[in-house]
Amino acid sequence: MSELLIVILIAPVLACLGIAAGLPAKKTALMTVLFNLVASLLLAFKFQIGSAGYQFVSSIPAMSLGNYFNTNLKFGVDGLSLLLLLLTTVVSAAAVAVVPNDIKRPREFFILLLLVVSGALGAFLSIDLFFLYIFHEIALIPTFILVGVWGNQDRKFAAIQMTIYLTLGSMVLLAGLLGFYFAMPENVRSFDLEEIRVALTASPLAASVQGWIYLLLLGGFGILASLCPFHTWAPAGDAAAPAPVAMLHAGVLKKVGIYGLLRLAVPFLHAGVHQYVDLFLILILLNVIYIGVVTIWQKELGFMLGYSSVMHMGMLFLGIASMSVLGLTGTVILMLAHGFDIALLFALNGEIRRRAGSTHFADLGGLAQRMPKLAFLFVIGGLASLGMPGLANFAGEIHVFFAAWKAFPWWVTVLAVWGIVISAIYILRAVRNIFFGDVPSTLPQSEDLVKWSQRWPFVMLALALIVIGFYPRILTVFVQPVVNSLLGL
Amino acid sequence: MEAITFWILAIGLIAAAWSVILQRNPVASALSLVAGFILLGILFLTLNSSFLMMVQIIVYAGAVMVLFLFIIMLLDLKTEEKRPVPYLRLAVALLIAAIFGGFFFSALQAVPNGHKVLSWSQPVPHVDAGEIGQLLFSKYVLPFEITGVLLLVATIGVIVLSKKEIK
Amino acid sequence: MKQFLLMPEFQLLVWALVLFVFDAYRPQTKPRTLAWLGILGAALVLGATFVEPLTMGVGQYFHGLYSVDGLSIFFKQFFLVTLIVVLWMSAEFVEVLPLARNEFLLLPMLTTVGMLLLASAVDFTTMFVALELVTISFYVLVAYQRNRSASLEAGVKYLIIGALSTGFLVYGIAFLYGNAGSTSFATILETLSTNPLNLSILFAMALILVGLCFKISAVPFHIWAPDVYQGAPTPVTAFLAVGSKAAGFVVLLRLVFFSCFGNPVVAPYVSSLLAVLAGVTVILGTFAALPQRNLKRLLGYSSIGHAGFILMALSCLSPRGVNAVLIYLISYLLAGLLAFFLITVVSKQVEGEELVNFSGLSKRSPLAAFGLTVAFVSMAGIPPLLGFAGKLGVLAAAWEAQRYVLVGIGVIAAAVGLYYYLSIVRYMYWNEAADGTAAVKLSCSAKWLVWLLVAGVIVFGIYQMPIATVVDQVLLGRNW
Amino acid sequence: MEAFTQITLNHYLALSGILFMIGMIGVMMRRNIIVIYMSLELMLNAANLALVSFSRFSAVPKLDGHIMVFLIITVAAAEVAVGLALIVALYRLKQTTNTGDLTSLKF
Amino acid sequence: MNWVVLLAPLISAVLITLVLHPMKKLSVLVSILACAVSFLASLCLFYNNGAMHLSSIDWLDLPGLKVQIGGMADHLACLMLLVVSGVGLCIHIFAYGYMKEDPGLSRFFAKLSLFMFSMLGIVLANNLVMMFIFWELVGLSSYLLIGFWFQRPSAAEAAKKAFIVNRLGDFGFLLGILGVWLAWGTVDFKELSQQVASGHLPALLANNPFAVTLIGIGLFMGCVGKSAQFPLHVWLPDAMEGPTPVSALIHAATMVAAGVYMLCRVFFILELSHQVLQVIASLGALTAIFAALIATQQNDIKRILAYSTLSQLGYMVMAVGLGATQAAMFHLSTHAFFKALLFLGAGSVIHSLHHEQDIWKMGGLWKKMPVTAWTFLIGTLALTGCPLLSGFFSKDAILLAAFQHNKLVFSVGIITAGLTAYYMFRLFAVAFLGKPRSHAVDHAHESPLVMTAPLTILAALSVFGALFGQEEYLGLEHANHGGGWIVMGLSVCMFVLGISGGLLLYLKSREEPIHISLFANKFYSDELYEAIFVNGQQLLARLLDWVDRWIVGGFLVRGSAVLSTITGEVLRLLQGGNLSAYVMVFIVGVVFLCYWVLVYLKPLF
């Protein structure tokens, strides 16, 4: 099956070449992402549940970097990366599917979009930290062009700001990774997570060293995952991006930051995490409360979703900060939940923009009368976002709350839980302003998601939310062994 | 004897050098420079390098400076003569040079054999053209050959830069 | 004589002279033909460096004035590749020149002879002569468009500052000679290690460093660079940015590791001095590039920044640092030449090198826009392009040497650098061209070169093994 | 008094240093490119003087210094030729040799 | 198999949403059938008296936290199941008649089924997290149903308000649950009660006596939100924007009572802290009288009923606070019957008057709509505590408990009872008696059987419910305590006083004879809310948005961009273009380098 993993990774690249060579753009892209979806589901079925190690491992030794870095291009999945692989394939399938047929310069668009997809896939499938980093970066420039050329509103500024900010983040991250690498004893230095585990289980890093490296990694991954106060790029960027890009970016790529912390900080930098837990908590609460309140004030759907996505990242970070089985499990569930959810919402944001010509609340209203199906899907997404039981986010949040309550002083959790009130406020405001009430006369006539061919991406995402929400153990069985091993249990 | 020669040459050289940079008229500067080069050649002689003296005088005082003079005449540069001596700039330059001089002289203190006295009466191996020539064509043949390429480049360069335009 | 025949310098020189003669007898030869002949020659020489019987074995020649070792072979190949691309570029550019077109193609070959020699120079005499050969031919090349005042102005500026730096260099050599009694790199190192240090040696070292910093355009001896880069004909700018800079670095490498600066007592101090220079250079190069609106000037500043990065790696005085220097140079070779090549081709047709002239290039010439984007993104150090390998090496070396401040500067500079590179990309992709601008056409050979370089940047960026192997071989067997 | 009667290596070096600095002052102070160029020649000659003196005073007299001087003189000659050609070309185009008039490339 | 009670409505909701929604009649049928099935299943459970086993599944199973989706069909739950599904069934049937013409009929019934599912889930929950899950789902369905006519801005606003205010309560509830978990390490009711019953306090609570109070308050906050107790009561009157059957089902009979049910479920925890009980009792009493006072001056028929609901919920909460959980549950059940009846009656009136809700435009409906009027009267009497009707017994049980424990609370309760009688008969007199007060009444007619039949059933339950319930809830020891007769006597007095007051004042008047603007304006609570919370939050949001835009995004992010550019601008000034300046820079650089080398390296010698 390890071949299948490689095929999944290579498929988008091949599709890029195919499209460049003249294959019909959308069809090829769609076939590719659907193939990936099916293949990753197949992998999930073949996956041996209950073991913490990597499965379907294969490595390409020719891709090493010579004598100076012990890197090894190695792919494989454990429970955690398998889930994120599924997240990526599902969201990318939806993202490709919602691209409007009349998009300008389709060839370039789909090539860049598939590059973003392959970056995300590679990041989650790499066992080697170095390549994790590289793959994440692959997505950077395509995102820049996608936002800048096909985006909306203040796209130019947003694209530049986003790209520069993310680059700064990834450079800080690179510094952190190098620090990590050089902190290891010289004879066992490696970027290979499995080798690192062997090396550092025997002799963990000194606590003071851990602290520094952790701060750098927190800064780097924090910027990638929009940890307050490094979040400024996210709302503007996501709001300006075309819907498919926003879906992939907010839904999948941001998760790389969380994923990195899970993979690196949790198992190898305990002492660092504990040392700076106060700082981390303050930032997290800023994420939840401060950003939450800012979200309430937003007057435009894209910005609101962008900010809400930043806010939810706080919950994910909170799970990590707790450094407990409950919290980490919650974080993983939230990664998927938030991924599907924000992808669904951004996709709908794009549909609304296309149909109504605007996403400013002031211009909208009563859309539920014209587009009940769209409204229905939006409400599902919105409810998931505000933590409605039965939808995925709730399952994750409840884990995180329990974990935080046990790990931290009471006021931390009180403030974090206040987040669910805040998210209810802004989500319901949005629903009220967009879908309920009177239809403004200026709104152009437009139709609902009439055909299944239009509808299925949204339904797929909503279904994912519902399935996880109803039975989160479908995820925890995969995650649990990995989380245990991350925590060294 | 050594001292007297040295002091005369040194004072002359410094005076000539000052004259080069202070003369308002480029021609005067160039002539001062010629004088300086000749004095320098003689200084070489005091250091037992007759060959280098000849080279110095022929190449520098002869060829190079003639070229300078020729160009100055050709270009007929008189504009600067009318301008006053830029005292402010001179002061700044002096200051910077003085600081540099401070470093230079502190470095000078440390030169090994710095206090070795010059004495013409002491026998020193004679340095004549033959020996230098031998070295040039044996050990230093490579740089010597390269100077040939260098001159070629210079020739081409000068032609390219001054060839009449093809109309 | 056999020695001469096996020297790439000599081979190239002979080829150049043959072409001169050929040109003299057949003045109606098209410049393009001449360029191709030059490229052919350079390629042959380059090929010869790989073939065992056509190369001199590793060792010292000419009484210890000339050395063949991993470093020299690497840089020779580096300069020859540069020459090939520069000639290719010149073939596109030469039509702009009003006169002396053929010489414009032949002079770079002679310059390269100097560079090749510089790579092998292990004695101050050879080094000085070779360096001057390079410098003097650049005086001519920079001022080549003497009907353009910018070119002449650049030439004069380069001339004066260049001569000034030569003065300092020579003075430094004199004092070093006075102390060590020799001009040979190895002997100097040996003498300095056995005899006690004194201030005059340090003074000499400082002055020599000035001369080299001028070459690599490290702050504050970079002062000529932006103006000259802007004013010089574009192929010359490329040659300056890549070739001349690398020439400076090869000398610096030798001096730092195998000559005066390598003295174990001095080395740590040299290291920190270079680190400070590197930091300042990176900051200036990066930030001053931000407000630039002229593409060549912008690249001039950015090339100062790159020099700073390379210096950063060098300042670590570690094998990893040298490794990073070499990889960074390779990455800059490919990306820098790609950028300058496309600027040559495009600015010839849009008649300007301002950023505005590049508006909407993605529609006027998708390939050119794509190539420039790849070049800039690589220079910014974004994976998976080759530039990232360079940045990674530099940051890793700095971290290993525990120069955390440098790492910090590098991190910020990389992000800021991306900003101005992207602003160019923005012009090309987002902005619309002014009305009435025609499509930009790339000749067939130009397309070939663009694809070659783009492929190099991308393929070697992803598959770094070949480059790593090459660089490892350079480092092999020497005590760095 | 000995300092005046006993001429040592340091005297020569000091002289060369002064020459070098005068050249430096000239380069900094003057605006006429030709004069600047002459000042640069002064600096090179200072180096020559230093080299020759070092050669003369070294414990085991060596000729390497002389070779260096010879090379420097040759190179300087070539440099002067190219430099003056450049200045002439500049003068032809702009009728000036003043550095103050060469400021079209800046910032 | 026994999960049928819960699954039937869920299946119905899913089926209607996904498949059946184009077929309105079928949708309605499925929904009603599902409700009926639930009711029957509840009956089964009831008669097996909790002996039937409900299998459970692990929803979460992690070290330290195990959450099951399981059922706890004990006596309390079974009674509640019966009430919910029984009243629900009646309302389903009524709703068909009421909503027949609405284009969103299928949607409506899907949501009703969803509500039934969630509500039954609360009742069955065997642990706090499961209860919280269904608690939230109930909130959701309430939101959806209030906002059923989403085109109306007022309905949309009301739905939003209801949800958000409920969320405030849930916030506390969740914290309470977390507290319980932290203290006892489990959220399962059975395990919890065993641990509490063992009398052994966990370390956390033993060390920190205030903790248990905080936990109790947290849990109670859930009730405050859902049962609309005093500070969070604002949403309930607005929720009347929903269709009337919804008001009957959710905002009178079942959902709002869930808070009380929850309090009874966790009473063994609340009991641990005396302060908590006091808080609960006082807040309940306060709500009771507060809402009753407001109700006296309202004109909208549904709002009057809503405030009455508030008031009655206050009673129930008060009862819990006094420790009389049985009485609370008893009143909950009877209240479910008669309040559902009253709402449905109001619905019938509104339906026949074409959505006219102002009582001052009614009048004389007694003749036009006899069935409705009669049943409404029965409901009114039951509510006001007319002796021998169900409300009398249940209210009496509460007042008795109050009398025994806390005289102040008792006096508030007895006054409230009088007020209740007063405003209900004001309503009845104005709406049904006298002459028609507007032309809207002219066309009024009796509602069809599908609506009147549920009315009749509920009226019967309102009358006889107590007979059956008294035994079930209170056992036979009722009235054996001291003071029973005094309480009964006093409450009858208040009842009579209230009725006479209401009838005398309003029977003949054509417009409001008394004006107390404080009551009419609900003690200005909406305005206060607007001023403090809505504006405060908006102000804060605006402020933080400003901070984020201008300080974080502007000053820090764009600022650093600007700073970079300025740095660049300054650095490029070095490059003045003048060669002499360049030379100067170069040589100064040399001097610096020499300085560095010579001075920095001095220690070498």
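Two strands pair if DSSP finds at least two bridges between them. That criterion opens this tour of a predicted model, which begins inside chain A and ends at the interface of chains B and D.

**Stop 1: the paired strands of chain A.** Select residues 55-60 of chain A, strand β1, together with residues 73-77, strand β2. The two strands run antiparallel, and four bridges join them. To locate one of these positions, display Ser59(A) and Lys74(A): Lys74(A), in β2(A), is the bridge partner of Ser59(A).

**Stop 2: the surroundings of β2(A).** Keep residues 73-77 of chain A selected and display the rest of the chain around them. Is β2(A) buried on one face or on both? Both faces are covered. Leu73(A), Phe75(A) and Val77(A) lie on one side and are buried; Lys74(A) and Gly76(A), on the other side, are buried as well. Because five of the five residues of this strand are buried, β2(A) is largely enclosed by the rest of the structure.

**Stop 3: chain A as a whole.** Now select the whole of chain A and colour it by secondary structure. The viewer should show 21 helices and two strands. Along its principal axes, the C-alpha trace spans about 70 × 60 × 40 Å. Why may the chain be described as a compact globule? A globule of that kind with 489 residues would have a radius of gyration near 23 Å, and the 21 Å of chain A agrees with this. Of the 489 residues, 67% count as buried. Among contacts in chain A with a separation of 6 or more, 81% are between residues 24 or more positions apart.

**Stop 4: chain A relative to chains B and D.** Add chains B and D to the view. No contact joins chain A to chain B, and the closest C-alpha atoms of these two chains lie 37 Å apart. Chain A does not touch chain D either; their nearest C-alpha atoms are 25 Å apart.

**Stop 5: the interface of chains B and D.** Hide chain A and select chains B and D. Of the eight pairs of chains that touch, this pair has the most contacts. Here 60 residues of chain D are in contact with 70 residues of chain B. Which helices of chain D supply at least two residues each to the side that touches chain B? Select α1 (2-5), α2 (9-29), α3 (33-57) and α4 (64-94) of chain D to see them. The largest share, 20 residues, comes from α4(D). Colouring this side of chain D by residue class shows 42 nonpolar, 14 polar and four charged residues.

Methods. Residues are numbered from 1 along each chain as its sequence is written. Chains are lettered from A and ligands numbered from 1 in the order in which they are written. This is a predicted model: local features need pLDDT of at least 70, side-chain atom pairs count only at pLDDT 80 or more; totals for chains, interfaces and linings use all residues. Two residues are in contact if their C-beta atoms, placed from the backbone, lie within 7 Å. Ala, Val, Leu, Ile, Met, Phe, Trp, Tyr, Cys and Pro count as nonpolar, Asp, Glu, Lys and Arg as charged, and the others, Gly among them, as polar. The radius of gyration is taken over C-alpha atoms; the globule rule is 2.2 Å times the number of residues to the power 0.38. A residue is buried if 20 or more other C-beta atoms lie within 10 Å of its own, exposed if 12 or fewer, and partly exposed in between; C-beta atoms are placed from the backbone.
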